Every structure is written in structure tokens, then in C-alpha cells.
Amino acid sequence: MRNLFAFIWRNYEYFLFLILEVGCFFLLFQNNNFHKAAYITSANRVAGQVYQGMSQVGQYFRLKNANEALANENAMLHNMLKDSYMDLKVRDSLIKDTLLRQQYHYTSARVINNSVNRRNNYLTIDRGRLQGIKPETAVICSNGIVGIVKDVSDNFSSILCLLHKDARISVKIKHTNFFGSLVWEGGDYRYATLNDIPVNVELAKGDTIQTNAYSTLFPEGVMAGVIESFELKPGKNFYVIRVKLSTDFKNLSYVYVIDNLMKEEQQKLEMRSQND
């Protein structure tokens, strides 16, 4: 306390000047309408800028909740889309009716761990067995395919994404319906290779690649990417096609897990047919 008083006494001229300065401004603004109005306008402008900055900061920290709400809403809308339902038609001389049975169920999830620089890359999402996630179900994002659920715990799941040496996703060229396997051969996470497309197929740079109807995991028509380039090696009957992926695996925040509700029925039927 003694040091504080000593400091004030040594610098009393400055403190006296500040007190007199504040008093002068107070009298000026109090007794002069022009200066008073200018002060109020300036103060309001400064306060408005401060409040705007505080509001923007608050909105930034609320983005997480907003994104999660949007992802859940998108999953609900996906579940309502016509493409998520199978068309069951019964027609004879007495009955003409059309029924819709849901085939695909979408669940939104947040990516909490991700990698793109390894040969075998995985994702981790914050949904698991308790939220209805099952192994061997498809995972997509708003831009296209992501991968397949591999392992599930109560509240988390690991995703074998397309950027993995064991990933093989059946896709087609949209305008021709010729299908092949989309694989990632390492290196650049933005590109993959489409195999098994025969040489008689007409290709063009920019052709759309999407999932086909043969997969029991992915709905038909999910975006995979576009053809970046293609070549035919001597003595080969199939193209080597470089595909620019539509999914930015380095910028994944929210994904959708898709459960094909009729997958087991289809697999049992196909297995029984193969055993005959």
C-alpha cells in the first residue's frame, strides 16, 4: 500500500491531468448539444461493433450444434426420399395397387478421427451399436461414397474407407451402365482407379462414376467421382481409368451410415442359388 501511495505521489501530475481532462470532456458533452450528439453516435457505433463481434464469436462456437442438427435433419430427409424405398407392385384383374417399403435407413454421424496419408486408412465415428450401427453397412457423405463400417462398439464405429488397399466398391459409368471396381492404389487421396471396363466402351474425360444396383450395401446412384483420364495398355482388354473422387477425405466432418434393410434377404437368396 505504501508503494502505491508513493507511486501516485511521484506521478500526481499525470493523474491530475487525466482527472481534469475527463472533467473537461464531461462538461463539454453535457453542456453542448452538438458534441453530446456526436459522442452518443460514436458510442453507439463502437458498442454496435463490439456486440457484432461478440455475436460472431458466439455463432462460431454454436456451429457444432448447428452442423449436428443439420446432419440429423438430412438423415431424416434421406429416409423419406423415394430412393430409400422399394416399389412393391401387385397387379392382376382384381387388384391394382402400389406399396412402398423402406429399403435404406440413414443415420448421421460425426467423424472424430481420420487419416489419409497411410496405405490403409480408417475413420472413426461417434455412433455405435447402441445407436443402431451395424458392421458391413455403407457410409457416404454429402459429396459421395466414403467406405464401409468394419468394427462397432457400443458408442463408436471404425470405417474402412475407400482409401484402403482392401476396399473394393462396385461402381458404374453413368451414361453407359458398364460397371467395374473402384480401388485406391495409394498416393494421392483425391484419386482412385476404376478397373474392369472393357475396351469397347466409349469413355470421355468428365464422365460420372456412381454406385450401381449390384451392391447390397450402397444405394444405386451415389456419386463416386468423375473420369480424370484413361489409357489402354498394350495387350490388355480393359482400360486403366483414373477417377477424381467427389469426396474430400481430408475434410470430412459428418457422414451418413446406410443400412440396407433387405440385405440379408437378398444375400440368403443368392447364397441358396449358388449352392444349388
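**A closed barrel and an enclosed cavity**

V152 stands opposite S157 of strand β7, in a predicted model where local features need pLDDT of at least 70 and side-chain atom pairs count only at pLDDT 80 or more, while totals for chains, interfaces and linings use all residues. Residues are numbered from 1 along each chain as its sequence is written, and side-chain values use heavy atoms, with hydrogens and water left out.

Strand β6 (residues 144-152) is joined to the antiparallel strand β7 (residues 157-161) by 5 bridges; strands are DSSP runs of E of at least two residues and helices runs of H or I of at least four, both numbered from the N terminus, and two strands pair if DSSP finds at least two bridges between them. A closed barrel of 6 strands follows the order β3-β4-β7-β6-β5-β14, with antiparallel pairing. From one strand to the next the twist averages 45°, where axes are lines fitted to C-alpha atoms and angles run from 0 to 180 degrees between N-to-C directions.

The structure also holds 1 cavity of 30 Å³ or more, a cavity being a set of points, on a 1 Å grid over the protein atoms alone, where a 1.4 Å probe fits but cannot get out. The largest cavity contains about 30 Å³ of space, the volume being that filled by probe spheres set on points joined across faces, edges and corners. Its lining (residues with an atom within 4 Å of a point) consists of E68, N72, S108, A109, R110, D126, R127 and Y254. Helix α4 (63-80) and strand β3 (104-114) each supply at least two of these lining residues, and the largest share, 3 residues, comes from β3.

Technical notes. 1 Å grid on protein atoms, 1.4 Å probe; cavity = no way out; pocket = protein on both sides within 12 Å on 5 of 7 lines; lining within 4 Å.
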